[in-house]
Amino acid sequence: MSSNPSTSRPNWPAGQSLDEARWVQSVADVTGWPHAYVAHADPADPDVGALLARLAELPLTRGIRQQAHWHANPQYRFAPRPDLMNDRQWRSGVGLLAQHGLLFELQIFTSQMADGAKLARAFPDTTFVLEHAGMLEDRSVEGLQRWREGRRELTDRSNVNVKLSGLGTFDHAYRPEIVAPIIADTVAMFGADRCLYGSNSPIEKLWTDYTSRRWHRPIHIVMAGLDLA
Amino acid sequence: MKAIPTIDGHHHRWRLRDLAWLSGPQVPRIFGPYQPICRAYTIDEFGSDVAGSHVVQSVYVQTKLAGRTKPG
């Protein structure tokens with residue numbers, strides 16, 4: 001196993017992560033929005049400790065995201081390898097988050113959820129947030145079963161929360177008949193206290209918008225306990 | 001249904017110059033064709049988007065990486 005997963009793709013200097021963070025903070029200082037910030041950092045970077053300390057100094061910073069999702073389909077692939085979460089150096093970086101009170105946003109596919117659960121177990125003092133409800137891209141019976149089994153492992157870890165966002169990503173639409181069951185399943189598995197909402201703007205502006213309330217309609221359907229049929 | 005004050009826990013915003021892929025050739029992406037978002041997305045536009053939606057706070061998730069070629 002490579003000791004430095006970041007060498008297989010263009011490296012992102014830590015300064016850019018800090019530049020982005022300072023820009024977000026500066027806009028929030030003027031406009032009041034946003035109210036919190038999830039910054040980028042590469043946990044495998046030997047200098048990540050210094051970066052985390054600088055990021056944590058900014059009032060807005062709440063956590064870190066490094067997209068770890070890997071898929072057999074290259075179009076869905078972001079991370080250079082499926083098992084980034086098992087890399088020793090990467091893990092040592094994740095191990096620094098707790099001392100700064102920072103969470104980690106876990107963007108992974110079904111096939112990576114077992115590793116995600118092991119990661120959450122290894123760092124019980126760190127909060128992890130499963131992005132986009134675990135990115136259900138295979139809605140076949142088998143795909144749904146694997147997704148549920150993977151998420152079951154994650155829900156067993158009390159330090160894993162889940163984000164109801166990006167639910168139209170693979171449909172390129174926001175159809176209640178697709179989205180509402182994902183929301184219902186997620187709330188049933190994790191409990192409402194571990195779920196949060198995200199619009200994924202402006203990506204999902206490609207197929208929906210706030211003002212039509214289509215984002216909210218599926219949530220309201222679930223909350224009202226209505227039968228979609 | 002009663003309106004519930006909502007935190008949008010996941011959004012981005014960007015300037016056109018921040019992300020190389022916004023100005024690059026259109027290529028197959030996880031979320032399909034994306035020409036309509038190949039432009040600046042400002043915090044003001046986000047504010048307009050959420051107007052009337054009961055979103056009262058928001059969380060920006062990292063996006064901007066100069067030279068970065070993939071969105072997400």
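Let's start where the two chains of this predicted model meet: the contact draws 34 residues from chain B and 41 residues from chain A. On chain B, the side that touches chain A receives at least two residues from each of β1 (6-11), α2 (43-50) and β2 (55-61). By residue type, that side of chain B splits into 16 nonpolar, 14 polar and 4 charged.

Strands take part in this meeting of chains as well. Strand β1 (residues 36-40) of chain A is joined to β2(B) by 3 bridges, and the two run parallel. If you would like one pair to pick out on screen, look for A36(A), whose bridge partner in β2(B) is V59(B).

Now follow the sheet outward from that junction. It is an open sheet of 8 strands with parallel pairing, in the order β6(A)-β5(A)-β4(A)-β3(A)-β2(A)-β1(A)-β2(B)-β1(B). Which strands form the edges? They are β6 (195-197) of chain A and β1 of chain B, each of which pairs on one side only. From one strand to the next, the twist averages 25°. As a general point, strands of a sheet pair through backbone hydrogen bonds, in either a parallel or an antiparallel way.

Within chain A, another pairing is worth a look: 3 bridges connect strand β3 (residues 103-106) with strand β4 (residues 128-130), and these strands run parallel. Here F104(A) stands opposite F128(A) in β4(A). Helix α7 (residues 176-190) of chain A packs on the sheet, where it touches β5 (160-164) and β6 of chain A. The direction of α7 makes about 165° with that of β5(A).

Stepping back to chain A as a whole, you will find 8 helices and 6 strands. Read from the N terminus, its elements follow the pattern α-β-α-β-α-α-β-α-β-α-β-α-β-α. Chain A has 229 residues, of which 43% count as buried. Among its contacts with a separation of 6 or more, 78% are between residues 24 or more positions apart.

Two of the helices make a nice stop on the tour. Helix α5 (residues 113-122) and helix α6 (residues 141-155) of chain A pack at an angle of about 0°, and their axes are 8 Å apart. The angle is under 35 degrees, so α5(A) counts as roughly parallel to α6(A). From α5(A), the residues M113(A), A114(A), G116(A), A117(A) and A120(A) meet G150(A), R151(A), E153(A) and L154(A) of α6(A). The residues of this contact divide into 5 nonpolar, 2 polar and 2 charged.

Helix α5 of chain A also holds R121(A). Why does R121(A) count as partly exposed? Because R121(A) has 13 C-beta neighbours inside 10 Å, while a residue is exposed at 12 or fewer and buried at 20 or more. For a sense of distance, R121(A) and D29(A) are 92 residues apart in sequence, and their C-alpha atoms are 36 Å apart in space.

Finally, a word on confidence. Chain A has a mean pLDDT of 88, with 86% of its residues at 70 or more. Residues 1-14 of chain A stay under 50 in pLDDT, and the model has 25 contacts beyond four places in sequence for them. Where pLDDT is low, predicted coordinates should not be read in detail.

Methods
Residues numbered from 1 in each chain as written. Chains lettered and ligands numbered in written order. Predicted model: local features only at pLDDT ≥ 70, side-chain atom pairs only at ≥ 80, totals over all residues. Contact = placed C-beta atoms within 7 Å. Helix = DSSP H or I, 4+ residues; strand = E, 2+ residues; numbered from the N terminus. Nonpolar A, V, L, I, M, F, W, Y, C, P; charged D, E, K, R; others polar. Pairing = 2+ DSSP bridges. pLDDT = per-residue confidence, 0-100. Axes fitted to C-alpha atoms, helices over the stretch in contact; angles between N-to-C directions. Parallel < 35°, antiparallel > 145°, perpendicular 65-115°, else oblique.
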